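This report describes selected features of one protein chain. It considers individual side chains, an interface between domains and several salt bridges.

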Amino acid sequence: MYSVRNITENLYWVGANDHRLTLFENIHPIPQGVSYNTYLLKDDNSVLFDTIDWSSCRQFIENLEFLLEGKPLDYMVINHVEPDHGASIEEVIIRWPDIKIISTHKAFMLMAQFGVTVNPENAIEVKEGDTYCFGKHTVTFLEAPMVHWPEVMGTLDLTNGALFAADAFGSFGALDGKLFNDEVDFDRDWLDEARRYYTNIVGKYGPHVQRLMGKASEVVDRIKFICPLHGPVWRSDFEYLLDKYQHWSTYEPEVKGVMIAYASMYGNTESAAQALAARLCEKGITNVAVYDVSNTHVSYLISEAFKYSHIVLASVTYNLGIYPVMHNFLSDMAALNLQRRKYAIIENGSWACKSGDLMQKFIEEKLKKSEVISPRLSMASSLRPDKEKELEALADAIIESLNA
Ligand code: FEO
């Protein structure tokens with residue numbers, strides 16, 4: 001059965017929701033599913049904006065055929081080729097062989113790499129600032145390299161104000177019938193998944209997102225709808241969304257608070273982490289979130305690390321190194337370019353305690369513009385009452401830094 005939503009006159013969502021995929025990009029859990037958004041404009045010529053993951057192609061074709069009512073699909077604008085969107089390009093070409101494809105030079109190159117056969121006579125290469133008219137609607141193109149692949153562009157419909165934003169402004173989570181930001185409680189139900197999506201998928205490319213936001217700000221008065229490739233379509237409250245993106249893309253913390261991430265083998269490092277959390281709350285700092293890195297997928301840890309201003313890393317020593325799961329978290333923070341955070345360290349080792357020095361070195365060498373708060377809390381095997389003063393001193397140092 002077709003499942004479409006009307007966005008504005010002659011513009012439709014023709015995407016699909018996926019609750020079957022367990023891991024997005026075969027790495028990030030998506031317990032609330034994901035939507036693949038594609039859009040159809042019925043102008044004098046029909047125009048499809050992006051295609052869909054192969055898993056949802058049948059639904060997508062059904063949606064298209066319902067709206068096209070037997071007429072051909074004339075154009076396809078490809079803003080992003082990654083297979084969660086580009087996998088069905090070939091299927092569209094097979095069904096509508098005369099379709100004209102509009103995209104960037106790099107996108108056509110990537111399509112060829114993925115084995116998509118495009119008739120050169122039907123390929124229309126565009127670049128920044130070009131315009132194209134489909135009848136009543138004229139669109140312009142904004143190159144957005146590395147948001148999140150090098151071929152990416154955004155497309156702004158100058159007639160109805162729809163910005164097709166590719167991966168920018170997207171989110172994990174299936175839409176399940178809803179479409180617009182004002183049809184959901186975004187702050188309550190979507191923000192955490194939007195942050196987890198942004199930080200893990202696009203987080204590394206903050207400066208590129210900043211450049212796209214700069215371009216968008218020049219035409220912001222013309223934007224009426226932000227149509228991302230995943231998650232809700234925005235038709236109001238742009239300031240809220242842009243404020244989140246401003247924080248995430250500049251690596252500024254979203255909130256003042258403390259994330260405590262612990263790596264514990266037998267519960268002793270965990271106990272120290274919990275004792276610190278209790279001290280902080282006792283002293284009035286209740287914006288504290290505690291995570292066991294061994295049973296929290298790193299994509300959630302990354303999302304929280306982008307959110308909080310202060311991060312406590314508590315790790316046991318393992319094979320004279322940092323506990324592997326903690327090391328993986330640190331490596332992911334570095335890979336995603338996380339910076340501008342204040343860290344505190346709790347180290348544990350029954351003999352040859354090394355994790356503190358190694359975590360400090362990692363932070364100082366690989367996490368830009370970051371700082372380690374003194375003192376470090378060091379323990380041998382477990383935190384005993386004789387460490388009470390040191391625990392207190394660490395809590396006080398974190399609070400002093402929070403209040404600075
Ligand atoms: Fe949703 Fe970069 O693909």
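In this predicted model, a polar atom of the Thr159 side chain lies 3.2 Å from the backbone oxygen of Lys136. The side chain of Thr159 also reaches the backbone nitrogen of Thr138, at 3.1 Å. Thr159 belongs to the loop between strand E14 (153-157) and strand E15 (162-164). Apart from neighbours within four places in sequence, the residues in contact with Thr159 are Lys136, His137 and Thr138. Thr159 is partly exposed, because its relative accessible area of 44% falls between the limits of 20% for buried and 50% for exposed. The C-alpha atom of Thr159 is separated by 33 Å from that of Arg196, which is 37 residues away along the chain.

**A buried histidine**

His148 is found in the loop between strand E13 (138-143) and E14. With a relative accessible area of 7%, His148 is buried. Its side chain makes polar contacts with the side chain of Glu82, at 3.2 Å, and with the side chain of Asp167, at 3.1 Å. Beyond neighbours within four places in sequence, the contacts of His148 are Glu25, His80, Glu82, Asp167, Ile201, Val202 and Tyr205.

**The two domains**

The chain is divided into domain 1 (5-250) and domain 2 (255-403). Their C-alpha centres lie 38 Å apart. At the interface, 14 residues of domain 1 are in contact with 14 residues of domain 2. The size of an interface is often given as the accessible area lost when the parts come together. For domain 1 and domain 2, the buried area is about 1100 Å², and carbon and sulfur atoms give 53% of this area.

Which kinds of polar interaction cross the interface of domain 1 and domain 2? There are 7 residue pairs in polar contact across it, whereas 0 salt bridges are found there. On the side of domain 1 that touches domain 2, two or more residues each come from strand E5 (28-29), helix H5 (186-202) and helix H7 (238-250). H5 gives the most to this side, with 6 residues. By class, the side of domain 1 that touches domain 2 has 4 nonpolar, 5 polar and 5 charged residues.

**Salt bridges**

The structure holds 24 salt bridges. Three of them are listed below.

| Salt bridge | Closest N and O atoms |
|---|---|
| Arg195 and Glu254 | 2.7 Å |
| Arg340 and Glu252 | 3.8 Å |
| Asp396 and Lys283 | 2.9 Å |

The pair of Arg195 and Glu254 links distant parts of the chain, 59 residues apart: Arg195 is in helix H5, and Glu254 is in the loop between H7 and strand E17 (255-263). Both Arg195 and Glu254 are buried.

Arg340 lies in the loop between helix H10 (324-335) and strand E21 (342-348), and Glu252 in the loop between H7 and E17, so this pair ties together parts 88 residues apart in sequence. Arg340 is partly exposed, at 33% relative accessible area, as is Glu252, at 35%.

Asp396 is located in helix H12 (residues 388-403) and Lys283 in the loop between helix H8 (268-282) and strand E18 (288-292), so their salt bridge ties together parts 113 residues apart in sequence. Asp396 counts as partly exposed at 36% relative accessibility, and Lys283 likewise at 34%. A network of salt bridges links Asp396 and Lys283 with Arg279, Glu388 and Glu392.

Conventions:
Residues are numbered from 1 along each chain as its sequence is written. This is a predicted model: local features need pLDDT of at least 70, side-chain atom pairs count only at pLDDT 80 or more; totals for chains, interfaces and linings use all residues. Side-chain values use heavy atoms; hydrogens and water are left out. Helices (H or I, at least four residues) and strands (E, at least two) are DSSP runs, numbered from the N terminus. Buried means under 20% relative accessible area, exposed over 50%, partly exposed in between (1.4 Å probe, protein chains only). Contact means heavy atoms within 4.5 Å. A polar contact is a pair of N or O atoms within 3.5 Å; within protein, one must be able to donate a hydrogen and the other to accept it, and residues adjacent in sequence count only if both atoms are side-chain atoms. Domain bounds come from an automatic or database domain assignment. Buried area is the accessible area (1.4 Å probe) that two parts lose on being put together, summed over both. A salt bridge is a side-chain nitrogen of Lys or Arg within 4 Å of a carboxyl oxygen of Asp or Glu. Ala, Val, Leu, Ile, Met, Phe, Trp, Tyr, Cys and Pro count as nonpolar, Asp, Glu, Lys and Arg as charged, and the others, Gly among them, as polar.
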